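This briefing goes through one protein chain, topic by topic. Keep the sequence and the model open while reading.

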Amino acid sequence: MDRTTLSHVVGRSIHQRITTTSKLKLSPTPAISDTMDQPGSSTPSDKSTRSSFSSVREIDSSDLAQNFTSSKVSSYSKLSEEAVDDLPSHPEMTTQTQFIPPITQPQSRLHGCWFPAVAAEGFQGWKQIGVKGRQASKSYGDLQALKIVWSDPVIPPQKKDPERSAPGQSAIEKLPTELLGQIIDHLVLDVPPNGVSARNVDLMSLLLTSRTLHSATLNALYKNITIPHSRIFRKFLTHISENQELGTIVRRIDFSHFNPVTLFTTASERATTRNLTPETLMQCLELTPYLREFLAQEYIEDEIDAKVLRKLFLGLDRLQGIDFCGCSSATFKNSFQSILLSDWPETLSISRLSLHKCITLPATVFETLLPRLGKVTHLDLAGTRVTNEALQSIPHSARITHLNLSKCRSLTADVVADFLTNHPAVKGLVFLSLGVDARSHQLFEEDDLTRLIPVLPHTLRSLSLKGSKMIESHIDLLRPLTKHLEELALGRRLKISEIDRLFVPDESSDEDLGQQLEWVPHTLKYLDLSDYTTSELDLITLFGRNTSIMQKYSSPLEVIEVTDELYGRLAKSPVVKQLGWTVMENGNRAWLVRIHDPKDGPRDSGLRSWKMGASFWGMRKIPIACMEVGGMYGSFMFKRKL
């Protein structure tokens, strides 16, 4: 069905819903709480600073990297907003009024009507009453339009503008549908302003502009659906149930901002409403046959039952991305185990899969899924029970660019090294995380890294060896990688003087002068030193004059992550600012961030195609969809440790 036909089918229904909505009272203005690193509170109208429950948002308008907003619980202002402005009327609005008593009770002042004397004496209708944001009157026309004034002003005839386009023939309406869709997409809010405020108001207005814009706007409205709470999900499900053509537009269903307590504080209240249940979620998937991305998280894990999982993996042929970030409940685990006995095809359509921190899933899940991921490009298995056998079973036809194996305790160093060395699927890696928490687990010893680092591909842009045992000789092996890496997380046991060798050539005799002249500058933007505790990190050497890491000529290095224990100490140190740096923190993470000098030109936004919408450095979770960072995904990316 083309878009023109689709606009006929759903136009009347959409128009009726918009008209009904426009008569509702204004909601209280939400107040975004717990805003970090901002000199003042943000207004909801500022798209760059909107946030949601448990949300971590990047502030793109800031001059500093690693600048986030974070809100733990959505809060809303209790102050009611006045609909009518009580300021004195303008002089041109004053007019004489006339009281008409009832015929049966001519002396009564209770019954009767007040009218303006004549329309020409200055009364311009109820439209001209000063209001805050919306008309106070339920009437959208003035008294003249309602034919209840006694005299009509003479309206001069309007000449037809010969340059004015005929309906449907304006320049913007003649644009190709693809270009028109790209323009309208800029009005879409991927990240909702907060839990319950209205959003996409501009798009709702476009629906009433013309037939062409109506059809293109419908595609923008329904292509990517963000669900911040259960009432929005119920409303969306109702729309696609009544107009099933709308369900064919949907390409993404995003629960990353979902907050179960936005509207209902107790589990019993949520169970009573039954807005989001396994049954309604299954009904939604049935009505969206062309879905490509399904983004879930721990707050909806109990709604993902066996039927929903079977539909996602076996019933949606066009589905490419699935994210179950943080889902680890017993219900979710049992549902996953129950579908393993189903008839699985040899190859799944999934190309991007995240089981990030799905810590309860048994090894049999990975032994069933991974051999069937012949098209996978993004694979996040951080914190899972994936085994050596399951990892080696990934088909050779896969082309993995993003791989996260951090904190996978069932993997061994020999198998991981062999996989990265010999498996055809990982020859084009761009993002690789092999980090572990050294306090509880050790993956790579010194010899393991000596064998692994030289075989890593030149396509890498982000590498994490956090938690590994490192020695000075590893710096020589890492130097070639720093000519194309933008993110590097180092392991333990290195000295600051040894790390400094990544940024400057070695001081040597005249015989090695040629080696210094051939030195190629590094490309690092982010360096992770968070493995080093307060007692292990030599701050005197780090901030010393003989160390280049903190100096201006270490550019383009922009962010250095340190343990969060050092945040309070570094924030009070005047030396940090003197060297042109500042300290930022978010949750359990802290960074030294270089202060941008306007003389150096515009600041690098940090946006990269391989980061898929994220602009800041050091993300712990692989993105599955290209979109703005926020909600629970933002928390897992930039707020939490490994």
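Ser462 is found in strand β15. With a relative accessible area of 5%, Ser462 is buried. The model that shows this is a predicted one. Ser462 also helps to line the largest cavity, where it is among the residues nearest the centre.

**Around Ser462 and Phe431**

- Apart from neighbours within four places in sequence, Ser462 is in contact with Val430, Phe431, Leu432, Leu485, Glu487 and Trp610.
- One of these partners, Phe431, belongs to strand β14, which covers residues 431-433.
- Phe431 counts as buried, at 2% relative accessibility.
- Beyond four places in sequence, the contacts of Phe431 include Thr401, His402, Leu403, Leu460 and Ser462. Glu487, Trp610, Met619 and Ile622 also touch Phe431.
- Phe431 and Glu487 are 56 residues apart along the chain, yet their C-alpha atoms are separated by 9.1 Å.

**Cavities**

- How many cavities of 30 Å³ or more does the structure hold? There are 4.
- The largest cavity has about 120 Å³ of space.
- Its lining has 15 residues, and those nearest the centre are Ser462, Ser464, Glu487, Met619 and Arg620.
- Two or more lining residues of the largest cavity come from each of β14, β15 (462-464), β16 (487-489) and β17 (526-528).
- By type, the lining of the largest cavity has 7 nonpolar, 5 polar and 3 charged residues.
- The second largest cavity has a volume of about 100 Å³.
- Of the 16 residues that line the second largest cavity, Pro623, Ala625, Met627, Tyr633 and Met637 lie nearest its centre.
- The lining of the second largest cavity is made up of 10 nonpolar, 2 polar and 4 charged residues.

**Helix α13 and its cover**

- Helix α13 runs over residues 413-422, and its buried residues are Ala413, Val415, Val416, Ala417, Phe419 and Leu420.
- Strand β14, the strand of Phe431, is one of the elements that cover the buried residues of α13.
- The cover of α13 also includes α12 (388-392), β13 (402-404) and α14 (446-452).
- An α-helix has 3.6 residues a turn, so residues three or four places apart point the same way.

**Nonpolar cores**

- In soluble globular proteins, nonpolar side chains tend to be buried together.
- Which residues touch the most other members of the largest nonpolar core? Among its 125 residues, they are Phe294, Phe313, Phe324 and Ile499.
- Helix α4 (residues 211-223) gives this core its largest share, 6 residues.
- A second core is separate and has 17 residues, including Ala65, Val559, Trp610 and Met637.
- Trp610 of this second core is also a contact of Ser462, and Met637 is among the residues nearest the centre of the second largest cavity.
- Ile499, in the largest core, touches Ile475, Leu490, Leu494, Leu527, Leu529, Tyr532 and Ile549, leaving out residues up to four places away in sequence.

**Cysteines**

- A search of the whole structure finds 0 disulfides.
- Cys325 is in no disulfide, and the nearest cysteine sulfur, in Cys358, is 7.4 Å away.
- Why does Cys327 form no bond with Cys358? The sulfur of Cys358 is the closest cysteine sulfur to that of Cys327, but the two are 5.4 Å apart, which is too far for a bond.
- Cys325 is buried, with a relative accessible area of 0%, and Cys327 is buried with a value of 0%.

**Backbone details**

- Ser555 and Pro556 are joined by a cis peptide bond, with omega about 15 degrees.
- Pro556 sits in the loop between α18 (539-542) and β18 (559-562).
- Arg493, a residue other than glycine, has a positive phi near 75 degrees.
- Arg493 is in the loop between β16 and α16 (496-499).
- Met612 also has a positive phi, near 55 degrees, and is not a glycine.
- The loop that holds Met612 lies between β20 (589-594) and α21 (631-638).
- Is Met612 buried or exposed? At 12% relative accessibility, Met612 counts as buried, because the limit for buried is under 20%.

**The whole chain**

- The protein chain has 21 helices and 20 strands.
- Of its 642 residues, 49% are buried.
- Of the contacts between residues at least 6 apart in sequence, 71% join residues at least 24 apart.

Technical notes
Residues numbered from 1 in each chain as written. Predicted model: local features only at pLDDT ≥ 70, side-chain atom pairs only at ≥ 80, totals over all residues. Heavy atoms only, no water. Disulfide = S-S within 2.5 Å. Buried < 20%, exposed > 50% of the residue type's maximum accessible area, 1.4 Å probe, protein only. Helix = DSSP H or I, 4+ residues; strand = E, 2+ residues; numbered from the N terminus. Contact = heavy atoms within 4.5 Å. Core = buried A, V, L, I, M, F, W, Y, C linked by side-chain atoms within 4.5 Å. 1 Å grid on protein atoms, 1.4 Å probe; cavity = no way out; pocket = protein on both sides within 12 Å on 5 of 7 lines; lining within 4 Å. Points joined across faces, edges and corners; volume = space filled by probe spheres on them. Nonpolar A, V, L, I, M, F, W, Y, C, P; charged D, E, K, R; others polar.
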